[in-house]
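Here is a short report on a protein chain and its RNA partner. Look at the structure first, then read on.

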Amino acid sequence: MEQEAELQRLAPDLLVREKKERVSRLRELDGAGPGFTVRLAPYPSGAPHIGNTRMFILNDEYARKYGGKLILVFDDTIGSEEKFPSLESYTLMEEGLRWLGVRWDAVYYKSDRLELFYSWAERLISEGIAYVCMCSAETLRNMREQGKDCSHRHHTPDQNREYWDMMVGGKYREGEAVLRAKTDMAHRNPAFRDRVLCRISHREHPRVGRKYSVWPMLEFSWAVDDVELGMTHVIRGKDLVMEDMMERFIWERLGITGPRFEHFGLLRIKGVKISKSKSMAEVSSGAYTGWDDPRTWSLQSLAARGFRPEAIRNFILSLGMSLSDIEVPVDSVYSENRKLLEPSADRYFFVGRPVMTEISGLDGEGVVESYLHPDRPERGSRKIRVSGRVYVSSADMDAFAGREVRLKDFCNVRLAPGVSEFLGRENREIQRIQWVPAEGCVACRVVMPDGSTVEGFAEPNVSGLQPDVPVQFERFGFVNPRGMLGDTMLFHYAHD
RNA sequence: GCUCCCUUAGUGUAGAGGCCAAUCAUGCGGGGCCUUCGACCCCGCGACAUGGGUUCAAAUCCCAUAGGGAGCACCA
């Protein structure tokens, strides 16, 4: 304590700096060193959203930390009925990643690598590690439950190779045959009993069409690519630990040393429900305005709200690499962004759901002047021409009608719908509310995070605002100007 | 039910046997700034899930209990 006081006297800047540099740092990873290589594996079924950013940022951040490589691998296998890749999603993904400040060194597409997966599959077949199974999905599940082998498990590698060639040759319909790993049908973890490596799908793929009818499952494709693409580490969510086991099993059988696995726990954001497939449907039907609709929680929508990518990064890094599943209030994200926006966002008056009131007995018209940013007078000021008619928000009217309030920076009135009595100009310690002059105010629409809109008026000065430079509507929140919609100015609401 | 994982203040997080009567952020409470804002600034509040071990010493290692999560898909 004494030392601190002493230091404060001698070199106050030292104290400040120490506090500032205490940014959360990621823990060291075992085995990280030269050649460090990790990958990002987005599935292109829509725009990236805030829930995906943990995987993005942790991989990016570790790649930077160790001066290593970050490979972007589109995990665009054929998916399922509910979850399928789409062409525009590739662009949306890259756009989102770029916005986030993620820098990758190379890009690959799983859909370009089917032949490679096939060659590995054939190797597994010939070494007796995998077999073609013709059980139905239901039979397969039942056998797994009982821990019993099916007859297909005992086919010879040559027989399996024959069936496999028929699979690849498109001789089977979907669901008629799969390639399974011969792990152990009595494995204590029922989920691990002879998992499926490849299955048949005749659906059309946005990049390769109907060229292939056999597609790898996630864990098999990664067992191949984590080795083929030279990963030293795999940083993934802990929902994928079973996939580690599967990859390790394959490598072990083939005598390969694979990368190390690192996991982070699941992240949920309280009050934010994200459904990519729902967003996809609503965007394409037009129910949402597009991928910038706040309800998608896509990175595009966050950009539209005026979020700074660094805010997202700081938020994710503050969570660290913890393995526990967490639920974080959305306020934590907002507060990170607020820290970045607050110093630069100019202040303006906006009234939502406006009601007009006339100031009776006003001592003349004129101009009031306010700072653009009260804490930073050097940013300059703004002027509002005033007369006896102003709008206030209906919320303020409801809350304060009949009471003395100060129209901020202007004058004091006894607030009432219709006509408010003028009470003088001196700055008194009473409730202040925002207002806009009836003449020259700008019609605004603010899109809220839940997709609803608030219509209102803003002071005339907002008409010169640059798009995508966030401002603060006082006592309303931080908003991002998006441009004009006819005579109405469009904003997206960031947070309070 | 089976398998795996997690458990530090309201919410997250730091902490890898003594430096911890425990870090930081957010939240909450109070104050400040005042061309007087729900922003910002300052101060304060608040936690090692429980029970056993191991050790001279445990938030940190081991075991059990409780609570939470994930997986058990021919999705990723």
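## The RNA surface

This is a predicted model. Of the atoms of RNA strand B within 4 Å of the protein, 67% are sugar or phosphate atoms, and the rest belong to bases. The strand is surrounded by 58 residues. The closest are Arg199, Asp325, Glu369, Asp409 and Arg475. By class, this surface holds 23 charged, 22 nonpolar and 13 polar residues.

Several elements each supply at least two residues of the surface near RNA strand B. The helices are helix 6 (137-146), helix 9 (241-254), helix 12 (309-319) and helix 13 (330-341). The strands are strand 6 (196-200), strand 11 (326-329) and strand 15 (366-371).

## Contacts to the bases

Which side chains place a polar atom 2.7 Å or 2.8 Å from a base oxygen of RNA strand B? Lys83 does so at 2.7 Å. Glu429 does so at 2.8 Å. Tyr371 also has a side-chain N or O atom by a base oxygen of the strand, at 3.1 Å.

The Glu429 pair deserves a second look in the viewer. Here a polar side-chain atom and a base oxygen of RNA strand B lie 2.8 Å apart.

## Domain layout

Chain A is divided into three parts: domain 1 (25-112 + 217-341), domain 2 (113-216) and domain 3 (345-496). Domain 1 is written as two segments, with the range of domain 2 falling between them in sequence. The centres of domain 2 and domain 3, taken over C-alpha atoms, are 66 Å apart.

## Helix 12

Helix 12 is largely enclosed by the rest of the structure, because eight of its 11 residues are buried. Those buried residues are Pro309, Ala311, Ile312, Arg313, Phe315, Ile316, Leu317 and Leu319. What do they pack against? Their partners are helix 3 (53-65), helix 4 (87-100), strand 10 (267-270), helix 11 (299-304), strand 11 and helix 13.

Helix 12 also contributes at least two residues to the surface near RNA strand B. Gly320 follows the helix. Its phi is positive, near 65°.

## A buried arginine

Arg236 sits in strand 8 (residues 233-237). Is Arg236 buried or exposed? Its relative accessible area is 3%, so it counts as buried.

Two acidic side chains meet the side chain of Arg236. Asp244 makes a polar contact with it at 2.8 Å. Glu247 makes another at 2.9 Å. Beyond its neighbours within four places in sequence, Arg236 is in contact with Arg39, Trp222, Asp226, Glu243, Asp244, Glu247, Phe261, Glu262, His263 and Phe264.

## An exposed serine

Ser284 lies in helix 10 (residues 276-285). It is exposed, with a relative accessible area of 64%. A polar atom of the Ser284 side chain lies 2.8 Å from the backbone oxygen of Met280.

Ser284 and Asn52 are 232 residues apart in sequence. Their C-alpha atoms are 21 Å apart in space.

## Strand 27 and its partners

Strand 27 (residues 488-495) has seven of its eight residues buried, so it is largely enclosed by the rest of the structure. It pairs with strand 23 (residues 442-447) in the parallel sense, over four bridges. Within that pairing of strands, Arg445 has Leu490 of strand 27 as its bridge partner.

Strand 26 (residues 477-485) pairs with strand 27 in the antiparallel sense, over seven bridges. Asn480 stands opposite His492 of strand 27. Strand 26 and strand 27 form a hairpin with two residues between the strands. There, Gly486 takes a positive phi near 70°.

## A seven-stranded sheet

An open sheet is built from seven strands in the order 21-18-19-20-14-17-22, with mixed pairing. Which strands lie at the edges? They are strand 21 (432-433) and strand 22 (436-437), each pairing on one side only.

At one edge, strand 22 pairs with strand 17 (residues 389-393). That pairing is antiparallel and runs over two bridges. Tyr391 has Val436 of strand 22 as its bridge partner.

Definitions and conventions. Residues numbered from 1 in each chain as written. Chains lettered and ligands numbered in written order. Predicted model: local features only at pLDDT ≥ 70, side-chain atom pairs only at ≥ 80, totals over all residues. Heavy atoms only, no water. Near = heavy atom within 4 Å. Polar contact = N/O pair within 3.5 Å; in protein donor to acceptor, adjacent residues only side chain to side chain. Nonpolar A, V, L, I, M, F, W, Y, C, P; charged D, E, K, R; others polar. Domains from an automatic or database assignment. Buried < 20%, exposed > 50% of the residue type's maximum accessible area, 1.4 Å probe, protein only. Pairing = 2+ DSSP bridges. Contact = heavy atoms within 4.5 Å.
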